[in-house]
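Subject: The structure to look at

Hi,

Here is the structure I promised to pass on. Have it open while you read, and click on the residues as they come up.

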Amino acid sequence: QLDESGGGAVEAGGSLRLSCTATGRTASLGKMGWFRQAPGRQREFVARILWSSRIVAYGLSVTDRFTITRDNHTNTAYLQMDNLKLEDTAVYYCTSSDSHIAAEWEYWGQGTQITVSS
């Protein structure tokens, strides 16, 4: 199970931080990440972090603005979002997997709304 928090509304140029805590079967946690989906658009990869190595990857539209980190003690991943733009408005979904393969995701959070206004 994944518990998300931290969504909300912010003006363009502002910052928000999302949190996602994995509960239950966490001993085999391979990676965590976020996707987002805006109305009328396809789901988009945002960021991921490999749990053991902390190797990270970002979608092209968020590189240099978003930072993903993790706390191994609390099984929590964080997505720090800076310099937010109008086009960042979407529902953000936390996801995790026991696999290290980039395209494999098994567990999903409930989603949290991020709204960026001008």
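Below is what turned up, going from the disulfide to the aromatic rings, the core and one serine.

Before you start, keep in mind that this is a predicted model.

**The disulfide**

The search for disulfides came back with a count of 1. The partners are C20 and C94, with their sulfur atoms 1.9 Å apart. If you colour the strands, you'll see that C20 lies in strand β3 and C94 in strand β9, so the pair ties together parts that are 74 residues apart in sequence. Are these two cysteines buried or exposed? C20 is buried, and C94 is buried too. One more detail to try out: the torsion about the S-S bond is about -85°, so this disulfide is left-handed.

**The aromatic rings**

Across the whole structure there are 3 aromatic pairs. Take F35 and W105 to begin with: their ring centres are 5.9 Å apart and the planes meet at 85°, so the pair counts as edge-to-face. An angle over 60 degrees is what earns that label. F35 belongs to strand β4 (residues 31–37), while W105 is in the loop between β9 (90–97) and β10 (107–108), so this pair links parts that are 70 residues apart in sequence. Both F35 and W105 are buried.

F35 has another partner, W108: here the centres are 5.5 Å apart, with 55° between the planes, and the pair is tilted. Since W108 sits in strand β10 and F35 in strand β4, the pair ties together parts that are 73 residues apart in sequence. How do F35 and W108 compare for burial? F35 has a relative accessible area of 10%, so it is buried, whereas W108 is partly exposed at 33%. Put F35, W105 and W108 together with F45 and you have one aromatic cluster.

Two charges are worth finding as well. The charged end of K31 sits over the ring of W105, 4.5 Å from its centre. R70 does likewise with W51: its charged end is over that ring, 5.5 Å from the centre.

**The core**

How many residues make up the largest nonpolar core? It has 26, and the ones with the most contacts inside it are M32, W34, V46, F66, L79, M81 and Y92. Several strands each give at least two residues to this core, among them β5 (44–50), β7 (66–71), β8 (76–81) and β11 (112–117). The largest share, 4 residues, comes from β3.

Y92 is a good one to zoom in on. Leaving out residues up to four places away in sequence, Y92 touches a long list, including W34, V46, F66, L79 and M81. Its contacts also include F35, from the aromatic cluster.

**One serine**

Last stop: S19, which is found in strand β3 (residues 16–22). Why does S19 count as buried? Its relative accessibility is 14%, and the cut-off for buried is under 20%. S19 and E4 are 15 residues apart in sequence, yet their C-alpha atoms are 5.6 Å apart in space. Again leaving out residues up to four places away, S19 touches D3, E4, S5, W34, T76, A77 and Y78. W34 in that list is also one of the core residues with the most contacts.

Have a click around and send me your questions.

Cheers

Conventions:
Residues are numbered from 1 along each chain as its sequence is written. This is a predicted model: local features need pLDDT of at least 70, side-chain atom pairs count only at pLDDT 80 or more; totals for chains, interfaces and linings use all residues. Side-chain values use heavy atoms; hydrogens and water are left out. Buried means under 20% relative accessible area, exposed over 50%, partly exposed in between (1.4 Å probe, protein chains only). Contact means heavy atoms within 4.5 Å. Rings of Phe, Tyr and Trp (its six-membered ring) pair if their centres lie within 6.5 Å; planes under 30 degrees apart count as stacked, over 60 as edge-to-face and the rest as tilted. A charge sits over a ring if NZ of Lys or CZ of Arg is within 6 Å of the ring centre and within 35 degrees of the ring normal. A nonpolar core is a set of buried Ala, Val, Leu, Ile, Met, Phe, Trp, Tyr and Cys residues joined through side-chain atoms within 4.5 Å. A disulfide is a pair of cysteine sulfur atoms within 2.5 Å.
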